[in-house]
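The following note was prepared for a colleague who asked for comments on this structure. It takes up internal cavities and then two individual residues.

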Amino acid sequence: MFDISSLGTLRKGRTRLFTGENVYGEKGKGGMARQSSEPQEEVVRMGQLWTGPSEFARDLGAPWKIRPAIFLAPGEETRIVDISGPGRFTHMWCTCNYLHFRDLILRIYWDGEEEPSVESPLGDFFCCGFARPLKILSLPMNANPTGGMNCFLPMPFRGHAKVTIENRSPERVEFFYAISMEEGEVDPREAYFHAKFRRSNPLPYKENYLIIDGIEGEGHYVGTQMGWQQNSSRWWGEGEFKAFIDGDGEFPSYCHTGTEDYFGGAWCFKENYSAPFMGYQDLMYGGEYGEKRPPNSVGNRHSMYRFHITDPIRFTKDFRALMQAIGWRSERRFMALQDDISSVAYWYQGEPHRPFEPLGSRDDLEVI
């Protein structure tokens, strides 16, 4: 964890910032986008869409904010970072119309790998579940009004890093981004950052919701984001979070007491909160988006996060995690739920990693 007492310590290295106006984060080239109908050479090389001169800067010209955003072509995957190492990403910021939070797919590739180490819809990765611009005040992820999404999880790499955004919507999407990188040697003990989205809609009856499976090797699990739409009334969060570590069989080594307990709450939440390492929001209660329903009603949507920053779950051989989906029947009886549940798992491990299961189609991810 970052120690503020080390902030004054001098370190060798160089800071780079990747944006639409300096796509390769080159020294002394920030804000050099030209007011031209012809695309810049580096934009062509990166493969980004060129939309011509800026209408807004027509009176001022360069260097007055010519290309602060890029446009993502429908059905295309666009590179936003393609850089050699060694180094580490220290901060990622981006924003777009929140209606596209599930349409835009973030992928990150380390050291020339063909399969991504990070794959998630944009909003879910930044803890904004169900394509809503939430207010998230955690230390690793911070989402601010209105739709400004930030990630501070360190992402070291050695040979190469590539970041892409796939636009699955049928229309062109305006996308703003700024990714900070620190050039410099990476300690051999530093592992690679990974994140993976999953969704079950609906969860089959009497099945546990699988957050992540198939992790092999040495590493540590550092966080869970979950979106949960309840398809029945009453309290829905009696299920236990379970982590199976290094060959655990039927029973896990790490078993929490209940859904709201794992996310740092208690007694059915009853109110929203956002804290440095954990948080919860009932998206349908309070009317922020024109909807107001009683708590724990059919159709209510809940978004939660839990970051294991000071308490990572360490493994040496393999790891998987799940959440039970348990609600209530009449006469105080537990009921296995069949809800719409999604998640993002965050962890660090060495490479190579096992390829992820397919993400699914746009329809598979759509919030409806």
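Which residues line the largest cavity? The points below begin with that matter; the model under discussion is a predicted one.

1. The largest cavity is lined by I80, M92, W93, C94, L106, L122, F126, I165, F175, Y177 and I179. Strand 4 (87–95) and strand 12 (173–183) each contribute at least two residues to this lining.

2. As to the character of that lining, it comprises eleven nonpolar residues, with no polar and no charged ones. The space enclosed in the largest cavity is about 70 Å³. In total, the structure contains three cavities of 30 Å³ or more.

3. The second largest cavity holds about 40 Å³ of space. Strand 19 and strand 20 are the elements that give two or more residues to its lining. The lining residues are C127, L134, I136, Q225, Y273, G279, Y280, Q281, S303, M304 and Y305. By class, they divide into seven nonpolar, four polar and no charged residues.

4. E119 is situated in strand 6 (residues 118–121). Is this residue, E119, buried or exposed? With a relative accessibility of 8%, E119 counts as buried, because the cut-off for that class is under 20%.

5. With which side chain does the side chain of E119 form a polar contact? The partner is K196, and the contact spans 2.8 Å. Setting aside neighbours within four places in sequence, E119 is in contact with I105, L106, R107, A195, K196, F197, F356, E357 and L359. K196 therefore appears both in this list of contacts and as the polar partner of the E119 side chain. L106, also in contact with E119, is one of the residues lining the largest cavity.

6. N296 belongs to the loop between strand 19 (278–282) and strand 20 (301–307). Its relative accessible area is 19%, so N296 is buried; the class requires a value under 20%.

7. The side chain of N296 makes a polar contact of 3.1 Å with the side chain of W236. Apart from neighbours within four places in sequence, the residues in contact with N296 are Q230, S233, R234, W235, W236, D282 and H302. The two strands that flank the loop of N296, strand 19 and strand 20, are also those that supply two or more residues to the lining of the second largest cavity.

Conventions: Residues numbered from 1 in each chain as written. Predicted model: local features only at pLDDT ≥ 70, side-chain atom pairs only at ≥ 80, totals over all residues. Heavy atoms only, no water. Helix = DSSP H or I, 4+ residues; strand = E, 2+ residues; numbered from the N terminus. Buried < 20%, exposed > 50% of the residue type's maximum accessible area, 1.4 Å probe, protein only. Polar contact = N/O pair within 3.5 Å; in protein donor to acceptor, adjacent residues only side chain to side chain. Contact = heavy atoms within 4.5 Å. 1 Å grid on protein atoms, 1.4 Å probe; cavity = no way out; pocket = protein on both sides within 12 Å on 5 of 7 lines; lining within 4 Å. Points joined across faces, edges and corners; volume = space filled by probe spheres on them. Nonpolar A, V, L, I, M, F, W, Y, C, P; charged D, E, K, R; others polar.
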